[in-house]
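Please load the model in your viewer and keep a selection prompt ready. The stops below each name what to select and then say what is there.

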Amino acid sequence: MNAQPIVQLLAVGLGMALSAAAQGPAPAAPRRPALAPPETGKPPYELHCLPCHGEKGQGDGKAAVFLYPQPRDFTRGLFKIRTTPSGSLPTDQDLFETLGRGMPGSAMPGFSQLPARERWALVSYLKTLVEAYQYRQPEAPVRVTPASLKSTRALALGKEMYRKMECFKCHGETGVGDGPSAAELLDDWEIPIRVRDFTDGTYKGGPADRDLYLRFTTGMTGSPMPAYSDDKMTAGERWALVHYVQSLRRPDRPVVVPPPNGLVTAARATGALPADPFAAAWKQVAAVDIPLAVLWQRSETVSAVRLRALYNQEEIAFLLEWRDARPDTASSKTEEFRDAVALQFALPSKQPLTFVGMGHRQGPANIWHWKSDWQAQLAQAAPLYPNQHSDFYPFETGFLTGRDAGNPFSAASRATPVENLAAIGFGTLEPQREQVIQGQGLWSDGRWHVVLRRALKAAGKNDVAFAPGATVPFALACWDGEHGDRDGQKMVSTWYRLRLASGPATRAD
């Protein structure tokens with residue numbers, strides 16, 4: 001039994017802390033209005049989906065090279081997340097909910113920030129890319145029976161079913177995805193897959209009890225994960241298996257609840273904004289968790305970054321915190337990679353908000369990139385390799401081409417660990433002339449704590465500007481050097497909206 005990766009771009013979900021609510025009926029998504037003509041879904045498809053899935057939905061967009069596994073080929077008609085029986089197409093409601101939720105644990109982001117009518121239009125257009133929809137209809141959704149109570153007896157029955165259905169052969173005895181068959185599994189595209197780690201508590205179709213019940217009942221088309229319908233397991237046995245699998249979640253994997261309606265508020269403050277990640281002022285600011293999706297599949301990922309934001313009359317500051325078992329602060333050797341985090345802001349554009357990756361020509365992106373190795377260099381009293389210049393170059397100047405050309409990576413000293421960047425699409429990332437972002441990052445007790453600060457006013461044409469009451473689209477990215485993250489191999493969020501509150505101010509200093 002296996003629930004393995006599918007691709008596109010980011011998000012994570014709810015978990016066992018919500019189990020009481022999760023066992024009830026799933027919240028009803030907005031029902032589709034009058035059927036939208038498919039052509040109304042083509043523009044949003046081109047804006048949000050084409051970069052990964054390609055013009056004809058074959059999974060060959062420009063972003064596909066940065067993703068593993070590659071994005072789903074819609075034309076095959078194989079969809080993992082459904083409420084319909086094994087072998088059936090998903091219902092329109094299934095597609096709509098997947099677009100809103102995304103596929104946590106994969107690179108497919110959620111698009112809950114899009115209006116419901118736009119997501120319904122996407123559903124209509126998406127179906128035109130799938131030939132199977134032209135000659136057959138989805139079967140009726142399977143019935144989800146009322147959930148059984150979680151009890152010692154239910155857990156014992158679930159553990160028995162875990163053995164009987166041979167779930168351990170893929171997912172392992174303890175659910176970490178290390179079963180004897182795990183290394184041999186391929187999807188229907190003959191691509192090696194990574195078996196789902198139950199202890200992480202992240203699932204592509206959602207982590208609520210009802211979600212897992214549906215996965216066990218319907219299977220995951222296109223993957224080795226089979227369907228355990230009534231001829232294999234009773235409804236009671238499936239619920240017992242749900243309870244047992246949920247019990248395998250590690251306690252250090254918290255519930256990730258994204259901000260409601262995708263809106264994050266920066267609190268208004270008086271006094272100087274804190275530069276120290278552990279300053280008392282941050283405890284007065286409400287925190288939100290921003291779910292991340294991993295673009296290059298692996299077992300250990302950062303599921304979310306916790307964000308707090310403060311602003312005063314002159315500046316804005318962000319505190320970003322995430323779990324990382326080991327600080328990686330060196331990148332001088334080819335086998336070394338640093339930890340890092342970045343905030344990306346969409347600059348004003350006449351074109352609607354588009355694909356989350358690196359902006360576009362009509363809508364540049366401003367990126368604030370904190371680098372742990374730059375932070376370490378600032379903290380060092382002496383260079384990491386004090387003799388490297390004299391060892392390899394006979395003169396101080398003229399031979400240090402990177403430094404003499406103004407390459408920020410070759411700088412002999414630094415004023416800030418945060419690089420101010422701009423981009424208008426893939427391959428266009430470049431440092432800005434105005435390096436005006438300050439920051440400080442500290443690693444403590446298995447977590448990074450990073451503060452980013454800048455003036456509210458934009459220093460250049462490709463710098464984001466902030467104003468009280470105004471809303472700015474933003475996204476997050478995170479790199480874990482221990483696992484080889486660099487460049488496009490990273491974890492990302494979808495778009496969210498930052499609004500500067502205009503209410504009463506709190507004291508920051």
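Which residues of H8 are buried? Select H8, residues 209-218, in this predicted model. The buried ones are Asp209, Asp211, Leu212, Tyr213, Leu214, Arg215, Phe216, Thr217 and Thr218. With 9 of its 10 residues buried, H8 is largely enclosed by the rest of the structure. Just after the helix comes Gly219, with a positive phi near 75°.

**The whole chain**

Zoom out for a moment. The protein chain has 509 residues, and 53% of them are buried. Its secondary structure consists of 12 helices and 15 strands. Among contacts with a separation of 6 or more, 69% join residues 24 or more positions apart.

**H8 against H9**

Keep H8 and add H9, residues 235-247. Two packed helices are described by the angle between their axes and the distance between the axes. For H8 and H9 the angle is about 125° and the axes are 9 Å apart. That angle makes H8 oblique to H9, and their crossing is right-handed. To see the contact, show side chains for Asp209, Arg210, Leu212, Tyr213, Phe216 and Thr217 on the H8 side, and for Ala235, Arg238, Trp239, Leu241, Val242, His243, Val245 and Gln246 on the H9 side. Coloured by class, this contact shows 8 nonpolar, 3 polar and 3 charged residues.

**H6 against H9**

Hide H8, keep H9 and select H6, residues 152-164. The axes of H6 and H9 are 7 Å apart, at an angle of about 95°. The two helices are therefore roughly perpendicular to each other. H6 contributes Ala154, Leu155, Leu157, Gly158, Lys159, Met161 and Tyr162 to the contact, while H9 contributes Gly236, Glu237, Ala240, Leu241, His243, Tyr244, Val245 and Ser247. By class, the contact of H6 with H9 holds 9 nonpolar, 4 polar and 2 charged residues. Leu241 belongs to this contact and is also among the H9 residues that meet H8.

**H4 against H5**

Move to H4, residues 92-101, and H5, residues 116-128. Their axes come within 9 Å and cross at roughly 120°. H4 is thus oblique to H5, and the crossing is right-handed. Select Asp92, Gln93, Leu95, Phe96, Leu99 and Gly100 in H4, then Ala116, Arg119, Trp120, Leu122, Val123, Leu126 and Lys127 in H5, to display the contact. The contact of H4 with H5 divides into 8 nonpolar, 2 polar and 3 charged residues.

**Backbone exceptions**

Most residues other than glycine have a negative phi, and most peptide bonds are trans. Three places to check follow.

- Tyr68 and Pro69 are joined by a cis peptide bond, with omega about -10°. Pro69 sits in the loop between H3 (50-53) and H4.
- Glu166 has a positive phi, near 60°. Look for Glu166 in the loop between H6 and H7 (168-171); its relative accessible area of 38% makes it partly exposed.
- Asn261 also has a positive phi near 60°. Asn261 is in the loop between H9 and strand E1 (263-270), and at 68% relative accessibility it counts as exposed.

**Arg323**

Which residues does Arg323 contact, leaving aside its neighbours within four places in sequence? Select Arg323 in strand E5, residues 315-323, and display Asp252, Arg253, Glu300, Thr301, Val302, Ser303, Gly446 and Arg447. A polar atom of the Arg323 side chain lies 3.3 Å from the backbone oxygen of Thr301. Gly446 is 123 residues from Arg323 along the chain, yet their C-alpha atoms are separated by 6.0 Å.

**Two loop residues**

Go next to Pro364, in the loop between strands E6 (340-346) and E7 (365-371). Is Pro364 buried or exposed? At 17% relative accessibility, Pro364 counts as buried. Not counting residues up to four places away in sequence, Pro364 touches Phe345, Ala346, Leu347, Ala423, Ile424 and Asn462. Ala423 is 59 residues away along the chain, with 5.7 Å between its C-alpha atom and that of Pro364.

Finish at Ser493, in the loop between strands E13 (491-492) and E14 (496-500). Ser493 is buried, at 1% relative accessibility. Draw a distance from its side chain to the backbone nitrogen of Leu476: the value is 2.9 Å.

Notes
Residues are numbered from 1 along each chain as its sequence is written. This is a predicted model: local features need pLDDT of at least 70, side-chain atom pairs count only at pLDDT 80 or more; totals for chains, interfaces and linings use all residues. Side-chain values use heavy atoms; hydrogens and water are left out. Axes are lines fitted to C-alpha atoms, for helices over the stretch in contact, and angles run from 0 to 180 degrees between N-to-C directions. Helices (H or I, at least four residues) and strands (E, at least two) are DSSP runs, numbered from the N terminus. Angles under 35 degrees count as roughly parallel, over 145 as roughly antiparallel, 65 to 115 as roughly perpendicular and the rest as oblique. A crossing is left-handed if the near helix is turned anticlockwise from the far one by less than a right angle, and right-handed if clockwise. Contact means heavy atoms within 4.5 Å. Ala, Val, Leu, Ile, Met, Phe, Trp, Tyr, Cys and Pro count as nonpolar, Asp, Glu, Lys and Arg as charged, and the others, Gly among them, as polar. A polar contact is a pair of N or O atoms within 3.5 Å; within protein, one must be able to donate a hydrogen and the other to accept it, and residues adjacent in sequence count only if both atoms are side-chain atoms. Buried means under 20% relative accessible area, exposed over 50%, partly exposed in between (1.4 Å probe, protein chains only).
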